[in-house]
Amino acid sequence: MSLLARLAAGSLLTAFLVFSLAPFLWMVAASLKPGDEQLIFGNPWWAASPDWSNYTKLLVSPLFLRWAGNTALVLLGTLAISLGASILAAYALAHRRVPQARLLVVALFATYLLPSGLLWLPMIKVVQALGLADSPLALVVTYPGLIIPFATWVLWNFFKDLPPDLVEQARLEGAGDLRILARVLLPVALPVLAAVALFGIAITFNDYLYGLAFLSAPGAQTLISEVAHTSVDINDAGFTFAAILLGVAPVAVSCAFFADTYAKGLGTGVID
Amino acid sequence: MSTATRRVSGAGVSRPLHLRLIEREAPMGYILLLPTLLVLGTFLAWPFLFGLWLSVTSAELSDPGHFIGFGNYNFEFKIDHPFWTSFWNTFLYTGVTTVFKFTLGLSMALLLNQIFPLQRFVRAALLLPWIIPTVLSTLAWKWMFDPTFSVVNWVAVHLHLVAAPGPNWFGGTSTAMAALMIVNTWRGMPFYGIAFLAGLQTIPLDLYEAARVDGANRWQQFLHITLPLLRPVLLVVLLLSTILTFADFQVPFVLTNGAPYNSTHVLATWAYQWGVPGGAIGLGASVSLVLFPVLSIIIAGVLVLLRRPE
């Protein structure tokens, strides 16, 4: 590449970086501004004399710890159900003679068409009927509905393109379905599983409505649904940002570092 | 490849009984599909059917209501003015942001596919807006656009792009819509970028080598190698993202919630407006259902395009 082209590419990439990261810089600065250095004064991108009290207050707040725990529970539970169900489904569709497997996968994918704005009202009734109202478990059972279709589709694409002998050989040796999955298929599917898990985390973190609709007791909130419930005043902004930056951002940032794995997993799962 | 998998079973007649039993493929297949069907049936199919029913009733939050035929739809189409504003806004919002996310995502992917320093860090940083909770980022953007605290204006003024104090973003319909689109693009761009990068990485490099030997320039290589080979992933991402953007609730709800004067509602927030603060569940359900047939037709069209030529 010529020097000029490199220069152009470099500045374009920098522009992308600035656009992507600017809000985070602002949030961190806002969460560190002391009360007397209001958001309105000075350089909005920099806390001149950082004040860590928002963070120290959070670390000793029992509610914050409870919410962080709930968030972790929801995330892990959602991932376990979504991945478990879609692994089994994708395997069945790819390596068990289910008639019209391709049509079924398309039908699964088509569930994304169902307007989420319509679903959550009736879903309140389902959640109540299951006795899960005001429990973080309500989210654990409802989020997988948004993740499983994509996850199944990606895994199915990957499984069906593996050499058939791989599965056949294991089956001839008398291995059952679960054994074939655990010993033969899942080890080679790790990047795809990582990609699917990352998709699941992004969907879970993107929710707003479900948390708002299903949880109302203070003890039942996740960090995300708590923010959705509160109309945050600008004076509390720093505190709110601190809460999410402390409770959720570490997970998000560590996930972001799997970008390469995600790309690799999608690459093998989406393109067949 | 998929025809090859079909052949796998049914070959051995003389196999032990337990092998023949597990080769009754379909029933076992259904058992493995059960968890998925259970989750989707309980939390998607049933609520959807119930929602269909709600949309033709006069249900309110505290009253199950009764069947009123197409009364709700009639009200929307003929009387409810913000409904039409929301309807067109939804298309505008989805259309404009999709064009931006697609173009920016593709450029991002092409840039990320080069070799440059701090690669891992840069890719992570660019993916972050997509993973971080939307509640958090949209709240941040809301204050970044706020007329009093607007750092967006602070930057624009300091770069001498606009005269102080800069636009009152949420004060006018067009600037408020622009703010919505900027935030949606910011959040959605990485999904395109990383998925396209995934596609780029599967293209064999010797194709470019061969094209160079034949004297094709970079633009020709992009047009005749990159784009056609990227087509499946371009379509899938476009499909999924378009559907999700049509239904986007978080960004418009947190950022403007229709302000100013119900002029920036999209169908998702307008349905919520009727259903929850307004208490008219039936009406809310019918508002959110309007897009369903339209979307289905668009998607069916794209799925036909998606089918691999076999």
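## H7 and H10

Start with helix H7 (residues 144–160) and helix H10 (residues 190–206) of chain A: in this predicted model, their axes come within 10 Å and cross at roughly 165°. That angle makes H7(A) roughly antiparallel to H10(A), because angles over 145 degrees count that way. The crossing of this pair is right-handed.

So who touches whom? On the H7(A) side, the residues in contact are Leu146(A), Ile147(A), Phe150(A), Ala151(A), Val154(A), Leu155(A) and Phe158(A). Across from them, H10(A) offers Val192(A), Ala195(A), Val196(A), Phe199(A), Gly200(A) and Ile203(A). If the skipping numbers look odd, here's the trick: an α-helix has 3.6 residues a turn, so residues three or four places apart point the same way.

## H7 and H4

H7(A) also has a partner in helix H4 (residues 101–110) of chain A. Here the axes come within 8 Å, and they cross at roughly 150°. H4(A) and H7(A) are therefore roughly antiparallel to each other. This crossing is left-handed, while the one between H7(A) and H10(A) is right-handed.

For the contacts, look at Val105(A), Leu108(A) and Phe109(A) in H4(A). They meet Pro149(A), Thr152(A), Trp153(A) and Trp156(A) in H7(A).

## H5 and its kink

Now move to helix H5 of chain A, which covers residues 116–129 and has 14 residues. From its first C-alpha to its last, H5(A) reaches 20 Å, close to the 20 Å expected at 1.5 Å a residue. Where is the kink in H5(A) centred? Find Pro122(A): the kink there is about 35°.

Pro122(A) is also one of the buried residues of H5(A). The others on that list are Ser116(A), Gly117(A), Leu118(A), Leu119(A), Trp120(A), Leu121(A), Met123(A) and Val127(A). After H5(A) comes Gly131(A), with a positive phi, near 70°.

## The whole chain

Zoom out and count: chain A has 15 helices and 0 strands. Its C-alpha atoms fill a box of roughly 75 × 65 × 35 Å, taken along the principal axes. Of the 272 residues in chain A, 50% count as buried.

How much of the contact network in chain A joins residues at least 24 apart? Taking contacts between residues at least 6 apart in sequence, the share is 76%.

Terms used. Residues are numbered from 1 along each chain as its sequence is written. Chains are lettered from A and ligands numbered from 1 in the order in which they are written. This is a predicted model: local features need pLDDT of at least 70, side-chain atom pairs count only at pLDDT 80 or more; totals for chains, interfaces and linings use all residues. Helices (H or I, at least four residues) and strands (E, at least two) are DSSP runs, numbered from the N terminus. The expected span of a helix is 1.5 Å times one less than its number of residues. The bend at a residue is the angle between axes fitted to the seven residues ending there and the seven starting there. A residue is buried if 20 or more other C-beta atoms lie within 10 Å of its own, exposed if 12 or fewer, and partly exposed in between; C-beta atoms are placed from the backbone. Axes are lines fitted to C-alpha atoms, for helices over the stretch in contact, and angles run from 0 to 180 degrees between N-to-C directions. Angles under 35 degrees count as roughly parallel, over 145 as roughly antiparallel, 65 to 115 as roughly perpendicular and the rest as oblique. A crossing is left-handed if the near helix is turned anticlockwise from the far one by less than a right angle, and right-handed if clockwise. Two residues are in contact if their C-beta atoms, placed from the backbone, lie within 7 Å.
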